[in-house]
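Please look over the sequence and the model below with an eye to one pocket and to the aromatic rings. The report that follows takes these two topics in turn.

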Amino acid sequence: MRILILILCFSVGQLLFAQETFTPKKSTERQIVIDGLLSEQEWSNAVKIPLDIEFSPANNEAARKETTAYVTYSDTHLFVGIYAKDDPKNIRASIRPRDDFSIWNDDLVLMRLDPFSDARNNLALAVNALGSQFDLKQVNALSDNDRYDSTFNINFESKAAIIEDGYTIEMKIPFSEIPFPNGTDQEWHINFYRRYFENGNEIEVSSQARDRDNSCVVCQTTDNLILKDIVIDKRLEILPYVSSNIQGFRTSPNEKMTYGSVKGNVGLGVNLDINKNTSFELTLNPDFSQVEADVTQIDVNSSFSLQYPERRPFFNRGTDLVNFTDGAFYSRSIINPSIATKLISQGKKSRLFLLNALDKNSVYLVGGEDRSYSGLGGQSLVNVLRYQHLLSPKSRFGGVMMNKFYKGGGFGHVFGFDGLFLLNQNLRLSFEVFKNINEEPINDWIDTDATINGKTIALDGDKVNGDALYIQLYRKTEHWQSYLFYRNISPQYRSDVGFVVKNNRRWGTLFHEYNNIINKPALQSFSFGTKIDLVYTFEDLYKNFSIDLFASLKTYGQTEIRYTLDYDAVKTFLEVRFNNLPTHSFSLNGSPSESFNFRASVDSGKDLSVNEEIPEVGKLKSSFLSLNFQVNDNLIINPSLRYSKLERLDGSGNYFEGNIARLNVRYQFSNAFNIRLISQKNTFTNQFFIQPLVQWNPNPSTIFYFGGNQNTIEEIEGAHFQLLQFNQTQFFFKFQYLIGL
């Protein structure tokens, strides 16, 4: 009897995780009109793919609501239709700008494609119930932070419609936008996913079962899609732009604003497909100004430089291949290139990335044991060559070489190897090893008397060599997630085209977490675990010993409650040892309805004042609150407040205290057109700014915007300015248009 039960369970498991093959018939370009409404005549040649498995919160049970995907194709396009059954009153959706993260609070459907059928990544295209788009690349990586590349873009068309029993979506995706192996006959892997909400709780369904014991999510897109006799259409895209700005200043509230001359700029980008899986990009005099100001981080008590996300399209495309654990490559280290080229090639067993740039203004960053040092310098030439070989769908090995040569002398070279190996369904091993060879330029870009191992950090022509090793063993099952992580970073390790701010440490981490998904409205899931860090320097100085204890649960209204105790039993800073530094952190995140979601956190405990001449212990109190009000389908109001204070232990005053208040208001007329107003008050720097902006963005590359920055610095040369007495102003516009040939 026991053997019979085992055979039955094995048979059910094989059926549940079985691989299916879909072979649609061809349709003509005119047959399907992308209007968001499905008809039998339009989709008569399509295969039907049911999304009939709920994998969260249920564990691969029958889906509660009907969802069907329709797939067909023409010579040059892939067509996808979606029928999602639901009560229209329960559908969450708003009009979103492209790639806006708030779409993940909406009802949506996502299609995953693995055109090489080797689990190197999944190309994911998401569309919500009102037709707004979000695309990303889902990478075969260890952590959730590295698993999703949201900078990836595909230029595709989508429409959606709310109907009497749910909503429907139509998508038209050019084959020219999708990297795949050469050949007119293709066999891809495909998977569909739907997210909706029931009584405020998130429900996730799929066309394939999701194995919670398998740590590789992209490996589970395995259904076959057969496409016959398609046309290989090479892209030639030209991207010209024109931009202009004017700036004004004043040093007294009684003065009139003095404006400089109007500055204009033109540039050109070219994107050429050499063959179906190799593309070449060239940009001349690119305008890398950002459309939206970065969210300001609190750095008043940070001894290391802060990292900001990349927003520039040229540097986002394909850079998932140079996303290293240690930040060996950081595209924002290239500040103002006059010319840049990029070659990306994807073979059946390999990937190649080549980047060259001539940068007008170089940033120079030197990491240290307890502080980092940076300065802005002159012209430099940057080269990055990256190759990765896929040994199998479960293993890969690669190498990288990066150089930066400075005008007038000096250079920085980094050479490295890395690998990722899936030892079995639950266990992974990854490593990265780097070697740097540097000769400093002789310049005054960094002003400091500090030294590392007897060599000055100031740029005086020193020759420095270093190395770094990162190795991680990771295990994940349905309920347990664990890893061992070892970092060995020598005192003189640098990466001139990266973001390496810490070195001189032998650092071991043990992480262990238990989590459980409970299919109940009041308790959807919970988890608890610990993380232990032990750090020594290369001089065998016992630097840090830290224990984290954490627990979380998810309940009504997509609300997640989390508590963390970060206990630094030993913390050494600038060779001064401190003991017993606990910090308590509480966070609360939720999305109880379509119209409202929130994030909040509170931290309290003991921390170091790292910017004092002699570091001291203080009482830390910090908090963060962000509210998001979806007033209607078009209007979003998002206020946020960050506060931080470090008080002296004897109560005699504060090492620092301040807040950053930010307000973002956006009205979205359509998926492509919006107006927004960003304002921010920073009491740490006594500054206030307002940035109004009008933006039209019909596809990932075409963009038109105009707006301005109005800044108030409260004190200038002894003069005091009120909040709205702006002393710096700028007006700007840009028009960039994608021409496809």
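## Pocket lining and ring pairs

The lining of the second largest pocket divides into 11 nonpolar, 11 polar and 10 charged residues, where Ala, Val, Leu, Ile, Met, Phe, Trp, Tyr, Cys and Pro count as nonpolar, Asp, Glu, Lys and Arg as charged, and the others, Gly among them, as polar. This is a predicted model, in which local features need pLDDT of at least 70 and side-chain atom pairs count only at pLDDT 80 or more, while totals for chains, interfaces and linings use all residues. Residues are numbered from 1 along each chain as its sequence is written, and side-chain values use heavy atoms, with hydrogens and water left out.

A search of the whole structure finds 30 aromatic pairs (rings of Phe, Tyr and Trp, the last by its six-membered ring, with centres within 6.5 Å; planes under 30 degrees apart are stacked, over 60 edge-to-face and the rest tilted). Two of these pairs are set out here.

| Pair | Centre distance | Plane angle | Class |
|---|---|---|---|
| Phe421 and Phe431 | 6.4 Å | 10 degrees | stacked |
| Phe704 and Phe735 | 6.1 Å | 70 degrees | edge-to-face |

Ring pairs also link Phe421 and Phe431 with Phe397 and Phe417 into a cluster. Phe421 is partly exposed at 21% relative accessibility, as is Phe431 with a relative accessible area of 21%, given that buried means under 20%, exposed over 50% and partly exposed in between (1.4 Å probe, protein chains only).

Arg487 lies over the face of Phe485, at 4.0 Å from the ring centre, and its charged end sits over the ring of Trp507, 3.8 Å from the centre (CZ of Arg or NZ of Lys within 6 Å of the ring centre and within 35 degrees of the ring normal).
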